[in-house]
Amino acid sequence: VGVPFENGMRFHGVDVIERGQPWSDPIVRREGESIWVRLWWSVDRPPELDYSINVHLRSEGGQVIGSSDNAPQLIYPVDAPVETSRWQPDQFYIEERQLTLPYPMSSSDVNLYLAVYFWEDGARVSAPNVDETTSLWLRTITVRAW
């Protein structure tokens with residue numbers, strides 16, 4: 001079913017990718033390593049504007065420690081428009097993003113979040129279960145220090 005955003009976009013889920021394939025729990029990475037995520041989208045109706053997507057990691061204290069923040073980074077369908085105003089219903093849109101953990105950092109759990117916003121003014125789009133920063137929690141990733 002997915003999570004419907006007020007702009008017509010619908011988020012269907014996230015995979016953490018390892019060697020090109022989805023990785024099951026637990027997700028454990030080392031400080032300084034990269035985390036690849038695959039995001040699944042559709043639209044209930046074409047959004048009126050072109051939106052950007054911010055995928056970010058927060059420390060246990062809530063500080064942003066890594067992010068990927070730009071237009072959709074689509075891998076499917078081939079030659080799909082990155083402008084969300086051109087997305088069409090009845091089509092899945094899949095993107096992949098890379099986030100890098102800081103080095104050094106202590107062993108801890110970090111949380112992966114997602115935010116959708118209009119690129120021109122930074123206004124974030126609401127959806128069910130977003131937090132006070134209008135970010136949607138996706139999953140927890142365990143980080144181990146060397």
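These are my notebook entries on the strands, aromatic pairs and one surface patch of this structure.

**Entry 1: the model.** I am working from a predicted model.

**Entry 2: the open sheet.** I looked up the strand order first. Five strands form an open sheet, and the order reads S4-S11-S10-S6-S7. The pairing is mixed. At the edges I find strand S4 (28–30) and strand S7 (64–70), each paired on one side only. From one strand to the next, the twist averages 30°.

**Entry 3: S10 against S11.** I then took one pairing from that sheet. Strand S10 covers residues 108–118 and strand S11 covers residues 136–144. Seven bridges join S10 and S11 in the antiparallel sense. Which residue in S11 stands opposite tyrosine 113? I found tryptophan 137 there.

**Entry 4: aromatic pairs.** A pair of rings is described by the centre distance and the angle of the planes. I count five aromatic pairs. One of them joins tyrosine 51 and phenylalanine 118. Their ring centres are 6.2 Å apart, with 65° between the planes. The pair is edge-to-face because planes over 60 degrees apart are classed that way. Tyrosine 51 sits in strand S6 (residues 51–58) and phenylalanine 118 in strand S10, so this contact ties together parts 67 residues apart in sequence. Are tyrosine 51 and phenylalanine 118 buried or exposed? Both are buried. I also noted a cluster: ring pairs link Phe5, Phe11 and Trp41.

**Entry 5: strand S9 and its partners.** Next I checked strand S9, residues 93–100. S9 is mostly covered, with six of its eight residues buried. Strand S5 (residues 34–43) runs antiparallel to S9, and eight bridges join them. Strand S8 also pairs with S9 in the antiparallel sense, over two bridges. I followed glutamate 95 of S9 through both pairings. Leucine 39 has glutamate 95 as its bridge partner. Leucine 74 stands opposite glutamate 95 as well.

**Entry 6: tyrosine 76 and the patch.** I closed with strand S8, residues 74–76, where tyrosine 76 is found. How does tyrosine 76 count at 42% relative accessibility? The buried class ends under 20% and the exposed class starts over 50%, so tyrosine 76 counts as partly exposed. Ile75, Tyr76 and Phe92 make a nonpolar surface patch. I put its area at about 290 Å². Tyr76 can join such a patch because the cut-off for members is over 30% relative accessible area, and tyrosine 76 has 42%.

Note on methods. Residues are numbered from 1 along each chain as its sequence is written. This is a predicted model: local features need pLDDT of at least 70, side-chain atom pairs count only at pLDDT 80 or more; totals for chains, interfaces and linings use all residues. Side-chain values use heavy atoms; hydrogens and water are left out. Patches are made of residues with over 30% relative accessible area and no salt bridge: like charges are joined within 9 Å, nonpolar side chains (Val, Leu, Ile, Met, Phe, Trp, Tyr) within 5 Å. Accessible areas come from the Shrake-Rupley method with a 1.4 Å probe; for residues, only the protein chains shown count as cover. A salt bridge is a side-chain nitrogen of Lys or Arg within 4 Å of a carboxyl oxygen of Asp or Glu. Helices (H or I, at least four residues) and strands (E, at least two) are DSSP runs, numbered from the N terminus. Buried means under 20% relative accessible area, exposed over 50%, partly exposed in between (1.4 Å probe, protein chains only). Two strands pair if DSSP finds at least two bridges between them. Axes are lines fitted to C-alpha atoms, for helices over the stretch in contact, and angles run from 0 to 180 degrees between N-to-C directions. Rings of Phe, Tyr and Trp (its six-membered ring) pair if their centres lie within 6.5 Å; planes under 30 degrees apart count as stacked, over 60 as edge-to-face and the rest as tilted.
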